[in-house]
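Visitor: Could you take me through this structure step by step, with the reasoning behind each answer?

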Amino acid sequence: MSEPKKRNIVRWVIFGFAGICLLFAGGAAYVALQIIEGGPNQEGGIMGQPTVGGPFVLVNGNGETATEKTFGGKVMAVYFGFTYCPDVCPTELAIVADAIDLLPADVVADVAPVFITIDPDRDTPELVKEYAANFHENMVGLTGTPEQVAVAGKAYRVYYAKRETESGSYTMDHTSYIYIMDKQGRYYRHFRMNSAPEEIAEALKAAVAG
Ligand code: NI
């Protein structure tokens, strides 16, 4: 192959890679903007329709149907991730668990930590159950069909996508937020990555107090 031709190929590969990176950054920024635009809805609906959350039909670790009503009357701490996640998901779920351990027992009784997988192809009911329980005994793991997970993800404005790995397997790109939903299932507030457990505990306490 001639040198100029080789250089052209290299150039196209670089352009292609840059394009993919831009697409991904654009997708993440879009999701982030949507959340920021929504803002906290702490007035309990006065500001209009909640922008995050809504009905979902998923499957719990025992293979039973679980919906948003399953957690009715409790404050939910919802996190979307996947059990094969090497670092971000375990870190964030440990933060949720730490936050709950900072709460008095009567408040803990009114809090439901919920882990929802965005990798339903690999995350079976048994797997999400075991994984969630690893972080906290109260944590509930949910999965479902790809369509069910897509509905839940859309309601919470979660971006996720499969990405092939060099080993021939795949990993999941996904947004990482901890959502606090009030006792009526309405969006209360959310936390970004690496938030302090103390801050999250305060929010859970305030949400439980109503
Ligand atoms: Ni993750």
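Guide: Before we look at how helices pack, a definition will help: axes are lines fitted to C-alpha atoms, for helices over the stretch in contact, and angles run from 0 to 180 degrees between N-to-C directions. Please keep in mind that this is a predicted model.

Visitor: How are α2 and α6 oriented to each other?
Guide: Helix α2 and helix α6, which covers residues 197-209, pack at an angle of about 60 degrees, with their axes 8 Å apart. Angles of 65 to 115 degrees count as roughly perpendicular and those under 35 degrees as roughly parallel. The two helices α2 and α6 are therefore oblique.

Visitor: How many residues of the contact of α2 with α6 are nonpolar?
Guide: On the side of α2 the contact is made by Ile95, Asp98, Ala99 and Ile100, and on the side of α6 by Pro197, Ile200, Ala201 and Leu204. When these residues are divided by kind, one is charged, none is polar, and the nonpolar ones number seven.

Visitor: Which residues coordinate the nickel ion?
Guide: In sequence the donor residues follow the spacing C-x3-C-x84-H. The donor atoms, two SG and one NE2, lie at 2.1 to 2.3 Å from the nickel ion, and they belong to Cys85, Cys89 and His174.

Visitor: How many residues apart are Cys89 and His174?
Guide: Both Cys89 and His174 are buried. Cys89 belongs to helix α2 and His174 to strand β7, so that the pair links distant parts of the chain, and their separation is 85 residues.

Notes
Residues numbered from 1 in each chain as written. Predicted model: local features only at pLDDT ≥ 70, side-chain atom pairs only at ≥ 80, totals over all residues. Heavy atoms only, no water. Donors = N, O, S within 2.8 Å, 3.2 Å for Na, K, Ca; no water. Helix = DSSP H or I, 4+ residues; strand = E, 2+ residues; numbered from the N terminus. Buried < 20%, exposed > 50% of the residue type's maximum accessible area, 1.4 Å probe, protein only. Parallel < 35°, antiparallel > 145°, perpendicular 65-115°, else oblique. Contact = heavy atoms within 4.5 Å. Nonpolar A, V, L, I, M, F, W, Y, C, P; charged D, E, K, R; others polar.
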